[in-house]
Amino acid sequence: MALYSEKVMDHFRHPRNVGSIENADGVGEVGNAKCGDIMKMYLKIDGDIISDVKFETFGCGSAIASSSMATEMIKGKPLSEALQLTNKAVAEALDGLPVHKLHCSVLAEEAIKSAIQNYYENKK
């Protein structure tokens, strides 16, 4: 059995939504000191909908694939739905991650929540 699923490899080789958003409505940055992965998410919000999302990730293939998949899963969704995205859902959407790489999907969940929190803080 291969260590990584075809979906993980596809999102690693051809990541979706890479880059930054100038004047983003919300920005979240998280990292894992143990492995060195750093993930930054940018959100553009129209009304209550995530109209655009981009990411910049410094990390392994699993971190890049998790970032890519997570952005695909929240794009076009209401903020309330994006806040409910779990690392488990990201890992499942990628057809699984090796146990020692599950922290990458956790970073994706945390980056999204951090960006949404930043959006709400900026709205005040």
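**Chat about a sheet, its helices and a core**

Biologist: Which residue in β3 is the bridge partner of I38?

Modeller: The bridge partner of I38 in β3 is F58. Keep in mind that this is a predicted model.

Biologist: How many bridges join β2 to β3, and which way do the strands run?

Modeller: There are 9 bridges, and the two strands run antiparallel. Another pair of facing residues is Y42 and K54, with K54 in β3.

Biologist: What is in the turn of that hairpin?

Modeller: β2 and β3 have 2 residues between them. G47 sits in the turn, with a positive phi of about 70°.

Biologist: And how do β1 and β2 pair?

Modeller: Strand β1, residues 26-32, pairs with β2 in the antiparallel sense over 7 bridges. N32 stands opposite D37 in β2. This hairpin has 4 residues between the strands, and G36 takes a positive phi near 90°.

Biologist: What is the order of the strands in the sheet?

Modeller: The order is β1-β2-β3, in an open sheet of 3 strands with antiparallel pairing. β1 and β3 are at the edges with a single partner strand each, so one side of each has no neighbour in the sheet. From one strand to the next, the twist averages 15°.

Biologist: Which strands does α2 lie across?

Modeller: α2 lies across β2 and β3, and runs at about 175° to β3. α5 lies across β1 and β2, at about 150° to β1.

Biologist: Changing topic. At what angle do α1 and α2 pack?

Modeller: The angle between α1 (residues 6-13) and α2 (residues 61-74) is about 90°, and their axes are 8 Å apart. That angle makes α1 roughly perpendicular to α2.

Biologist: Which residues make the contact?

Modeller: α1 contributes K7, V8, H11 and F12, while α2 contributes G61, I64, A65, S68, M69 and E72. They divide into 5 nonpolar, 3 polar and 2 charged.

Biologist: Now the core. Which residues of the largest nonpolar core touch the most other members?

Modeller: That core has 31 residues, and those touching the most other members are M39, M41, L43, I50, I74 and I112. Elements giving two or more residues to this core include β2 (37-46), β3 (49-58) and α2. α5 gives the most, with 8 residues.

Biologist: What is I112 in contact with, leaving aside its neighbours within four places in sequence?

Modeller: I112 is in contact with M41, A70, I74, A82 and L85. M41 and I74 also appear among the core residues I listed.

Technical notes:
Residues numbered from 1 in each chain as written. Predicted model: local features only at pLDDT ≥ 70, side-chain atom pairs only at ≥ 80, totals over all residues. Heavy atoms only, no water. Axes fitted to C-alpha atoms, helices over the stretch in contact; angles between N-to-C directions. Parallel < 35°, antiparallel > 145°, perpendicular 65-115°, else oblique. Contact = heavy atoms within 4.5 Å. Nonpolar A, V, L, I, M, F, W, Y, C, P; charged D, E, K, R; others polar. Core = buried A, V, L, I, M, F, W, Y, C linked by side-chain atoms within 4.5 Å. Buried < 20%, exposed > 50% of the residue type's maximum accessible area, 1.4 Å probe, protein only. Pairing = 2+ DSSP bridges.
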